[in-house]
Amino acid sequence: MMPSRPRTRATAPFANVARRALAGALLPLAALAAAEPARPSVPWTADLGNGRYRNPILHADYSDPDAIRVGQRYYMTSSSFSNVPGLPLLESDDMVNWRLVGHALPRLVPEAAFRAPQYGKGVWAPSLRHHAGKFWIFYPDPDHGIYVITAKTFAGPWSKPRLLMSGKGLIDPTPLWDEDGKAWLLHGWAKSRAGFNNVLSLRPMAPDGSRMLDDVSRVVIDGNTLPRYKTLEGPKFYKHNGWYYVFAPAGGVEFGWQSVFRSRHVDGPYEARIVMEQGATATNGPHQGAWVRAEDGSDWFLHFQDKRAFGRVVHLQPMRWQDDGWPIIGGPSDKPGVGQPVSEHAKPMAARSRAVGAASPAVGDEFTAPQLALQWQWVANPQPGWYSLNARAGHLRLHAQPLPAGAAPLRAMPSVLTQKLPAPAFTAVAKLELHAVADGDAAGLAMYGQNYAWIGLRREGGELRVVLVRCEAANEKCQEQSAATLPVSTSAAAMHLQMQIAASGQTTFSFSADGATFTRIGTPFEAAMGRWVGAQIGLFARGANGAYADIDYLRITP
């Protein structure tokens with residue numbers, strides 16, 4: 001059962017502290033009305049319950065989504081960069097309500113490369129397919145090459161990653177098994193590694209996906225020859241009615257558009273058409289995703305929208321084929337043949353979908369299971385000594401890890417445990433105890449990005465204190481600054497730490513000894529995106545050997 005919404009005002013044991021000057025660091029809040037109506041416990045639901053849905057269908061950072069249908073079920077994966085486990089696996093019965101059922105990549109490879117955080121590296125845009133009775137994921141690591149993994153069932157187990165194509169700058173692979181038995185792999189290029197981009201290249205592949213048949217990829221679509229095109233990437237390769245189609249975005253993540261290319265021949269030449277752009281909507285840069293055909297023959301397109309601190313959230317658009325053989329995605333716009341994103345629409349397979357019931361990936365955790373819930377990810381390959389779920393019943397124990405030297409110490413720690421931001425506005429509360437053994441030992445709840453802030457407990461001068469710490473220079477070059485620090489009552493064994501996130505990304509921090517009355521600390525913090533990812537909710541413990549934090553729960557509510 002979720003607790004009633006806490007009151008937020010300064011009361012004992014902190015009332016006297018609140019009356020002391022802290023240069024504005026401690027701000028009493030007004031108590032909420034006792035008669036406030038109950039609110040839903042899920043931070044974001046796309047299903048409107050009336051046969052319609054709203055976008056985004058996932059208001060969380062599932063970047064570069066690819067999706068397919070097998071039988072009556074829909075499957076999705078997305079990029080995960082340096083988060084571990086990687087390649088999230090989502091299932092749905094209607095393309096609107098999605099469940100997180102696992103991850104295809106338990107650890108990042110090569111292992112040694114991801115012992116420490118490698119922000120912006122790791123798993124870039126994957127491709128998901130079902131072929132020859134198996135699920136396939138082709139995923140790129142821009143520093144190592146293109147990997148392939150397979151599974152008989154979507155939830156796994158998945159095979160170990162096999163390096164299919166070695167090389168720097170190879171990104172965004174998409175396979176095609178043709179009707180003549182041949183197989184192909186189309187991919188893009190990362191300028192940061194290869195020295196060029198804005199082109200898509202093709203290479204023949206063994207039909208069993210065991211090897212590439214040529215040593216060199218041939219450019220088949222060159223964005224440099226097309227007006228306004230830049231950063232052509234993220235292709236998805238299909239064959240339909242005798243045509244080869246490549247769905248690919250261009251123009252950049254924040255302000256680009258979705259194009260489609262087609263040819264009668266696999267190696268071109270390809271015609272180009274823009275099929276969806278922002279238009280008159282608030283959905284900037286509708287970008288990079290998957291064409292999926294529903295059971296009833298209707299066509300749909302899933303793509304992401306970059307929302308900065310909230311990450312790349314997932315939208316679902318209606319799609320239709322025009323008489324000239326080109327698709328149009330989204331609703332009508334002022335430009336013939338070009339769609340624009342819809343904010344709300346009738347659900348796919350609406351009659352059957354009504355029986356599915358609203359669903360969304362789980363958030364928070366009560367730590368009652370013998371393993372970490374699926375929504376958790378580390379920022380590097382985890383080590384066995386970092387945590388325990390059986391040291392204390394119903395608690396997550398984080399063993400303190402040494403504080404890295406240099407700037408942005410929290411960004412340098414591999415043992416930060418994270419979740420995605422799940423909604424445009426929400427509250428997160430963690431109940432935490434710190435068992436310190438030396439000054440400097442600390443544990444806390446963080447709004448975690450290239451800039452970050454955390455509220456937590458830290459031992460100073462032999463005493464525990466509530467602290468708010470900020471690090472606000474981009475690119476991991478910031479130095480942590482204590483924005484506020486308050487003594488903890490000796491009677492308070494645990495502290496409830498709260499973050500309230502507004503639609504602007506503004507985050508306010510509060511604390512409470514009893515979990516009912518919260519006191520604000522410090523000034524609001526502007527949540528910041530990470531490297532190619534949104535900001536994240538983070539938990540950590542750092543300090544001397546033998547120190548640890550016990551976390552009773554993380555609860556996330558609207």
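The accessible surface of the chain comes to about 21,400 Å², and carbon and sulfur atoms hold 51% of it. The model is predicted. Of the 558 residues in the chain, 58% are buried. The fold has 4 helices and 37 strands. Among contacts with a separation of 6 or more, 58% join residues 24 or more positions apart.

**Strand 29: burial**

- Strand 29 spans residues 442-448.
- All 7 of its 7 residues are buried, so strand 29 is largely enclosed by the rest of the structure.
- Both faces of strand 29 are covered.
- One side carries Ala442, Gly444, Ala446 and Tyr448, all buried.
- The other side carries Ala443, Leu445 and Met447, also all buried.

**Strand 29: pairing**

- Strand 29 pairs with strand 30 (residues 452-460) in the antiparallel sense, over 7 bridges.
- A hairpin of 3 residues links strand 29 to strand 30.
- Within this pairing, Ala443 has Leu457 of strand 30 as its bridge partner.
- Strand 29 also pairs with strand 36 (residues 536-542), again in the antiparallel sense and over 7 bridges.
- Here Ala446 of strand 29 stands opposite Gly538 in strand 36.
- Ala443 and Ala446 are on opposite sides of strand 29, and both are buried.

**His240**

- His240 sits in strand 15, which covers residues 236-240.
- The relative accessible area of His240 is 13%. Buried means under 20%, so His240 counts as buried.
- The His240 side chain makes a polar contact with the side chain of Asn241, at 3.3 Å.
- Leaving aside residues up to four places away in sequence, His240 touches Tyr245, Trp291, Arg293 and Trp321.

**Cavities**

- Rolling a probe the size of a water molecule over the atoms shows where empty space is left.
- The structure holds 4 cavities of 30 Å³ or more.
- The largest cavity has a volume of about 220 Å³.
- The lining of the largest cavity is made by 22 residues.
- Nearest its centre lie Ala60, Tyr62, Pro361, Ala362 and Val363.
- Strand 6 (98-105) and strand 27 (417-420) are the elements that give two or more residues to this lining.

Conventions: Residues are numbered from 1 along each chain as its sequence is written. This is a predicted model: local features need pLDDT of at least 70, side-chain atom pairs count only at pLDDT 80 or more; totals for chains, interfaces and linings use all residues. Side-chain values use heavy atoms; hydrogens and water are left out. Buried means under 20% relative accessible area, exposed over 50%, partly exposed in between (1.4 Å probe, protein chains only). Two strands pair if DSSP finds at least two bridges between them. Contact means heavy atoms within 4.5 Å. Accessible areas come from the Shrake-Rupley method with a 1.4 Å probe; for residues, only the protein chains shown count as cover. A polar contact is a pair of N or O atoms within 3.5 Å; within protein, one must be able to donate a hydrogen and the other to accept it, and residues adjacent in sequence count only if both atoms are side-chain atoms. On a 1 Å grid over the protein atoms alone, a cavity is a set of points where a 1.4 Å probe fits but cannot get out, and a pocket is an open set with protein on both sides within 12 Å along at least five of seven lines; lining residues have an atom within 4 Å of a point. Grid points are joined across faces, edges and corners, and a volume is the space filled by probe spheres set on the points.
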